[in-house]
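Some labels given to a protein model deserve a check against the rule behind them. The questions below ask for that check, one label at a time.

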Amino acid sequence: MGQQWYVRCTEGVWMSLVNTKECIYVALDFEGLRSLERTPQEDMFLTLFNTVVSNLILYKNQYTINRDASKMFQKFQDGARLCIIIKDVPETDKNGITKEFQLKLDKLVAEEGGDNFITKMYGGGLSIIAWPVFHDVAWFKKLSKIKIKLDEQETKYENAKTFLQNTKVIMAKLKICDWSSLNENLIHIRVATLKRLLPIAVSYGIEQKDPIIEPLVNHDSEEPIDGPIDFLNDGKPIKLFPDDDDHDDEFFIQLSEYLRNHFEKTTQPRKESSDDNEWFSNFDRFLKDIIGHRTSRVKNWYLENTARFPQDNSDITDGRYALDQKIGELTRLWTLCGLTCYQCGLKCVKNCGYNENHDHKENHDCLTDHKCHFPCHFTEAHNDNPTPECRHKAGHKGKHACAKMIHLCGKACFLIDKLNCQKVCSKEIGHDDGEHLCQSKRNHYCGKDCSLSIHNTKGDYRCPNKCIISCEEEHDFHHCENKICPIQCPIPDCKERCQSDDHFHAFSGSQQVNHFCGKEHQCRKLCEEDGICNVLTEPKKQEETYRGRVEGTVITYTKYIQVSDKLKCNKKIPPNEFEHTGKHTHKEEGVFHYCDKQCPFCEYFCTLPYGHQQQIHDTKHGNMTQTEFTGEDDEFVYAGHNLRVGDQGTFVLCNCFCKDLGRHRHIDYCQNEENCRLGNQSRDMQHINVKVSPNPDKPKDFISHKLFWERTGFKDPYTVQEQQEFAKCDHECPDEKHLKSGSTSVPPTKSFCELQLFHAQLCPESKPPNDYGYISSDGHHFNCEKLNTAFHIVFVLDYSISMSEQDIKPIQDFPIYDDLTKKHNNRIGAVYQAVYLFMNTRKNSAKITPDSISLILFNHKTIVPFEYRDLTNLSDVLNSMLKYEAGGLTDFDSAIQKAGILIETHFDPTKVNVIIFLSDGECKTPTNQLNDICKQNKENG
């Protein structure tokens, strides 16, 4: 398999075939990775497809292997052999280059640990080959060595059809990001195909009848299943089972007539048989041969098409159960009744009824004209030829007598109302005993309903047949002609009849009678083993839409749902038992159950074995259906979408969420308020001192990416390199050069703090680590050029009596609201809140030279609560400000004059002096004082 890095000469994948006597060699030429015309996901899918489908992979490389290459090789667990080709290496350099390349791979594997792509993807081994320059003779000799490597690999596919099927399945799995076992998918597809074809296979003994007949075949080898298709004279396959829209009784009568006519033409006509019991037995055997041949071929068809898979697999077992059920229905459909026809003495050739208690609903019927076709017994009385046929019903007792002449009495039988009466007296003409009696003689049947009537687990059953005890015999218990027990087996889903040959088996003994059929039964209970039997990842929909809480936010995404279930038990229930021994289990040997722990965000089950020893769970993760967004701001932007606190995370995958954030911190509910109050929290968390939604009254913490995943109990799904990046501080340098770039096509380069997340603040006056970059005023270290601008900001605030009015108040749910409303729920409180928010924003701007803040409060007098303070401790600054309540008159002059004095006192040429003046009153503008301040500031430089 050829692959190229960076240089693109192929689009997609091209296939070539070489057909030899031993096998077919398939060569796939893959487009080079990191093509400008391919997305990273498409690159990854090409790599995965290459790995899974191949025996040997030739990876042509420009002598580079790095983390970018590693990221292309994440996920999947197949076992191809990987040969990395270092192209155009002179003979003299090959040993050194190969060794150096091996060292690079070793380092990469060591960094990634057990998750490295070589171990996960290329279980068949790894070779590094320094390939000679093209015109060198050694270039061609290397090809023969590659051939040896390939021939050392075990043939991966039994035939071309298997290769094609696997290729299609792999491509489909990649399309839906399904990383489950390929073999399980192949089994599921094979069994689903067989179950889909099962109705026509049982009905016709073929896989397709229109437009052309397709026989039952082995789907791996395409070889037909042994045994011919069941044809009769017309050359069409015999249809033995009704379609869904066929009426069962009508179907059986029509088809049985077709088979019965064939049997009578080729074997034994019924009307010529003097013993209907013998004819019925032969016809029944004829049908059983047809059914037996059909069921044998269908069973072999299923067995051959599942032979290469484990036979205890739940899908195989389920398919076999469906097959047995269908064959059982077929066998019952063609089980003949055999009781006496309601119109004559022949046996009923209707079926017993394959869905109920082996009784058909209508009267027993021999499906003939019910006439006796034998010649008249009194041949000497007839001169004509042939001798006239008997006038009696078919299957009658006694002599055959025609209707042309009076050979017997012929008067009405005195028991003519009885069930089996043949209507006319069979005694000699002129008999003088005064009792007219037909050929049934004294054995006329009682004719009342059979006494078999019970209630069992499958409902009420009442025998529909009539009593055949002589009407002249006194009896209270009525016996019908049927000798066997017709009641269904009590095992659910089993429709076989009771194995007993005693029609009144249900009345035998004082104990409860179980009407078992005497056969094994497939247990249909769910597996009782701990854990989850089966886990499948498949898309619920190709696309879904999420509508956010911010107007206009509509997100289209693919939603994946992990399907997990308990499989049915694969044990057999022994004959004559309701249950098997032991637990219900879907596999008796080597049983595997998934852990039942679920990811709290996407609810995907852990894919490790139940009871695994390692403490950390692992899964593939899906959409974060159990998650809602939160943040320091009520509205924010995530992955280009405008969101609000409380938006659902259904459109985000667990294993992509943090990657889209870059360096980040998570928000979680505080788990130990006392520790946080005392400052004893761990290095991976930081208490949040303001209220954050949702549930703003519940205290919350910032926590690290590492702690976030530790609390889930699941393995961190991100790469080692990503985890290392997430562990670093998320503060950005605020310099404008990181916010814009000279070219609109090139994104700006962000600069982050070089320290770990939640690090202790560095002293802004100290040297930066490694004497490079700068330390911001809030103690972060940035590896970029030192910023030049800092400010001395002088707030000049009016706190005269008019500022006590309550037409404007502090904003609720904003910082320090509770502190302000105690004494300052008025204009001055609103000003204090605005000043605090401004200072907090300046603090977070992280300049290398910290801002300094001074505060002047004025009415008709002037006070200075603090001067030239830094912003490292905003709580102290806030408390100094909150001591002063509104009152007094207004004087602008003294306030501005005081501002000038503070600027002069603390003058720093590296800082820009700024006066922020806020007042609700009216007073003369202090023009002279402002001019003096500007003039003095300019003179000081």
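**Labels and their grounds**

A nonpolar surface patch of about 310 Å² is made by Met 15, Leu 17 and Ile 24. The model is a predicted one.

Q: What makes Ile 24 eligible for a nonpolar surface patch?
A: Residues of a patch need over 30% relative accessible area. Ile 24 has 43%, so Ile 24 passes that cut-off. Ile 24 lies in strand β3, residues 24-30.

Q: Why is Ile 24 called partly exposed?
A: Buried means under 20%, exposed means over 50%, and partly exposed is what lies in between. The relative accessible area of Ile 24 is 43%, so the in-between label applies.

Q: Why is Arg 190 counted as buried?
A: The limit for buried is under 20%. Arg 190 has a relative accessibility of 3%, so Arg 190 falls under the limit. The residue lies in helix α7, residues 182-204.

Q: Which residues does Arg 190 touch, leaving out those up to four places away in sequence?
A: They are Gln 165, His 219, Asp 220, Asn 305, Arg 308 and Phe 309. To touch here means to have heavy atoms within 4.5 Å.

Q: How do you know that Lys 195 and Asp 318 form a salt bridge?
A: A side-chain nitrogen of Lys or Arg must be within 4 Å of a carboxyl oxygen of Asp or Glu. The closest N and O atoms of Lys 195 and Asp 318 are 2.9 Å apart, so the pair qualifies. Lys 195 is in helix α7 and Asp 318 in helix α10 (residues 314-333), so the bridge ties together parts that are 123 residues apart in sequence. A search of the whole structure finds 25 salt bridges.

Q: Why are Lys 195 and Asp 318 called partly exposed?
A: Partly exposed lies between the limits of 20% and 50%. Lys 195 has 35% relative accessibility and Asp 318 has 25%, so both labels follow.

Q: What makes the contact of Glu 579 with Lys 525 a salt bridge?
A: Their side chains meet at 3.0 Å, N to O, and the cut-off is within 4 Å. Glu 579 lies in the loop between β14 (572-573) and β15 (635-638), and Lys 525 in the loop between β11 (521-522) and β12 (534-547), so the pair ties together parts that are 54 residues apart in sequence. Glu 579 is partly exposed at 38%, and Lys 525 is partly exposed at 43%.

Q: Why is Arg 827 called buried and Asp 807 exposed?
A: Arg 827 has a relative accessible area of 17%, and buried means under 20%. Asp 807 has 52%, and exposed means over 50%. The two form a salt bridge, with the closest N and O atoms 2.9 Å apart. Arg 827 lies in helix α16 and Asp 807 in the loop between β22 and α15 (817-823), so parts that are 20 residues apart in sequence are tied together. Through shared partners, salt bridges join Glu 805, Asp 807, Arg 827 and Asp 920 into one network.

Q: What makes β24 and β25 edge strands?
A: Four strands form an open sheet in the order β24-β23-β22-β25, with mixed pairing. β24 (862-869) and β25 (911-918) each have a single partner strand, so one side of each is left without a neighbour in the sheet. The twist averages 10° from one strand to the next.

Q: How do you know that β22 and β23 pair?
A: Two strands pair if at least two bridges are found between them. Strand β22 (residues 790-798) and strand β23 (residues 852-858) have seven bridges, in the parallel sense. One bridge partner is Leu 857 in β23, which faces Leu 797 in that role. Helix α16 (residues 827-844) packs on the sheet and touches β22, β23 and β25.

Q: How do you know that β15 and β16 pair?
A: The requirement is at least two bridges; β15 and strand β16 (residues 641-644) have four, in the antiparallel sense. The bridge partner of Phe 636 in β16 is Leu 643. Their hairpin has two residues between the strands, and Ala 639 takes a positive phi near 50° there.

How values were computed: Residues numbered from 1 in each chain as written. Predicted model: local features only at pLDDT ≥ 70, side-chain atom pairs only at ≥ 80, totals over all residues. Heavy atoms only, no water. Axes fitted to C-alpha atoms, helices over the stretch in contact; angles between N-to-C directions. Patch = residues over 30% accessible without salt bridge, like charges linked within 9 Å, V, L, I, M, F, W, Y side chains within 5 Å. Areas by Shrake-Rupley, 256 points an atom, 1.4 Å probe, with all protein chains shown as cover. Buried < 20%, exposed > 50% of the residue type's maximum accessible area, 1.4 Å probe, protein only.
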